[in-house]
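Colleague: I'm new to this one. Could you walk me through it and tell me what each label rests on?

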Amino acid sequence: MDFTPSEEQAAAQGLAARIFGDLSTHERLTAAGTGSDAALWKELCAAGLPAAVEDVGLLGLVLLLEEQGRTTAQVPFAATCAYGLLAVAAHGTAEQRERLSPGLRDGTAVATGAFPGRGGVHLTDGALYGAVPWVPWLRDATLVLVADAGRALWFVDTGAPGLTVEPVETTAPWSAGRLVLDGVRGERLGNGPEAYASVLALARTAFAGLQAGVCAGSLARAVHHTVTREQFGRPLSTHQGVQLRAADAHMDTEAIRVTAYEAAWRYDERRAYEAQALTAAWWASEAGKRVVHAGQHLHGGTGADLDHPVHRHFLWGRQLDAYLGCGGEVLEELGRLLADSRPGETS
């Protein structure tokens, strides 16, 4: 395995770091409230970053999402790329790729996914019925990838007759909504359960990469605070308890990153990656939760300020923990997968 970024991946990551660093500031995030930063999304699309994902692959996307996570930038980047561009590239027909991909590349279309499918949507007489309690970035989306009870995938237009979006506020400001389908006609994507499993694993890997960035950003803020803040005449960072807590958070962050890299690399190399995606999701859920708690704790009383930038990392980390399925749930799924696999299938 070689996770060294290619020249194209490194260039895209550098560009993403500059744009997110310059534009996803504390002041802009405060002004955005619980909604998206439309101007930042426009800038990312103008720079060609969503379009680049098809060339840099899932590992490249993970690198880009790390940069988003460092700044908790409020844009539907992960959802559009995982449930839109890469899903269409992997499972769409030639006609679907030609028709859907241009809008997803330039930002005129925004995709999200009603994932994972939990049997809340049913197909009856060719139409979709049911509801999904919350879908990230749904209020921004023009397309939603929906999984029905049989795990077939359907693209539905958010402006379609019978589709309703009800705003929902989540822990992190992800422009979420409740999706209600009442006789909505969708467009089939892929070949059923196989495509569903592939897209779910892809999305888990992408959001694990996002969590790696969220944790790295939280830890960086904690390091800066403890180095510059003094107690009893010396920096907080010189206290052994602070060092141990920060070291544990660093190791957890690296574990999230390397497991996400492995799953993404295997996807790009067209190897089995479902078990690795679940492993990355488990680390992102369990370790991510620990890291953002540590980041806030290491800020002491300052970390209790809901307006402090580190609190956003805490909210994102907890939201990603819930979205990835929570550690115990993911671990149970991984155990079933390993128990059902033949030797060599997940190696």
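Colleague: Let's begin with a spot on the chain: where is Arg270 found?

Modeller: Arg270 sits in the loop between helix 8 and helix 9. Before we go on, this is a predicted model, where local features need pLDDT of at least 70 and side-chain atom pairs count only at pLDDT 80 or more, while totals for chains, interfaces and linings use all residues. Residues are numbered from 1 along each chain as its sequence is written, and side-chain values use heavy atoms, with hydrogens and water left out.

Colleague: What counts as a helix or a strand here?

Modeller: Both are DSSP runs numbered from the N terminus: H or I with at least four residues for a helix, E with at least two for a strand.

Colleague: Back to the loop, then. Why is Arg270 called exposed?

Modeller: Its relative accessibility is 78%. Buried means under 20% relative accessible area, exposed means over 50%, and partly exposed is in between, using a 1.4 Å probe and protein chains only. With 78%, Arg270 therefore counts as exposed.

Colleague: What is the phi of Arg270?

Modeller: About 60°, which is positive although Arg270 is not a glycine. Most residues other than glycine have a negative phi. Asp125 is another non-glycine residue with a positive phi, near 55°. Asp125 lies in the loop between strand 2 and strand 3 (127–135), and its relative accessible area of 71% makes Asp125 exposed.

Colleague: And which residues does a cis peptide bond join?

Modeller: Phe115 and Pro116, with omega at about -10°. Pro116 belongs to the loop between strand 1 (111–114) and strand 2 (121–124). As background, most peptide bonds are trans.

Colleague: Now the helices. What makes helix 8 roughly antiparallel to helix 9?

Modeller: Helix 8 (residues 240–268) and helix 9 (residues 274–297) pack at about 155°, with axes 8 Å apart. Angles under 35 degrees count as roughly parallel, over 145 as roughly antiparallel, 65 to 115 as roughly perpendicular, and the rest as oblique. That is why helix 8 is called roughly antiparallel to helix 9. The axes are lines fitted to C-alpha atoms, for helices over the stretch in contact, and the angles run from 0 to 180 degrees between N-to-C directions.

Colleague: Which residue classes make up that contact?

Modeller: There are 12 nonpolar, 7 polar and 5 charged residues where helix 8 meets helix 9. Nonpolar covers Ala, Val, Leu, Ile, Met, Phe, Trp, Tyr, Cys and Pro; charged covers Asp, Glu, Lys and Arg; the others, Gly among them, are polar.

Colleague: Why is helix 7 called roughly parallel to helix 9?

Modeller: The axes of helix 7 (residues 193–228) and helix 9 cross at roughly 25° and come within 8 Å. So helix 7 and helix 9 get the label roughly parallel. Helix 9 and helix 10 (residues 309–323) cross at roughly 160°, with axes that come within 9 Å, so helix 9 and helix 10 are roughly antiparallel.

Colleague: How many disulfides are there?

Modeller: The structure has 0 disulfides. The term needs a pair of cysteine sulfur atoms within 2.5 Å. The sulfur of Cys45 has its closest cysteine sulfur in Cys81, 8.6 Å away, so that is too far for a bond. Cys326 has its closest cysteine sulfur in Cys215, 15 Å away, again too far for a bond. Cys45 is buried, at 10% relative accessibility, whereas Cys326 is partly exposed, at 35%.

Colleague: What makes Phe3 and Tyr261 an edge-to-face pair?

Modeller: Rings of Phe, Tyr and Trp (its six-membered ring) pair if their centres lie within 6.5 Å; planes under 30 degrees apart count as stacked, over 60 as edge-to-face and the rest as tilted. By this rule there are 16 aromatic pairs. Phe3 and Tyr261 are 6.1 Å centre to centre with 75° between the planes, hence edge-to-face. The pair links distant parts of the chain, 258 residues apart: Phe3 in the segment before helix 1 (7–23), Tyr261 in helix 8.

Colleague: How do you know whether each of the two is buried or partly exposed?

Modeller: Phe3 has a relative accessible area of 21%, so Phe3 is partly exposed. Tyr261 has 14%, so Tyr261 is buried.
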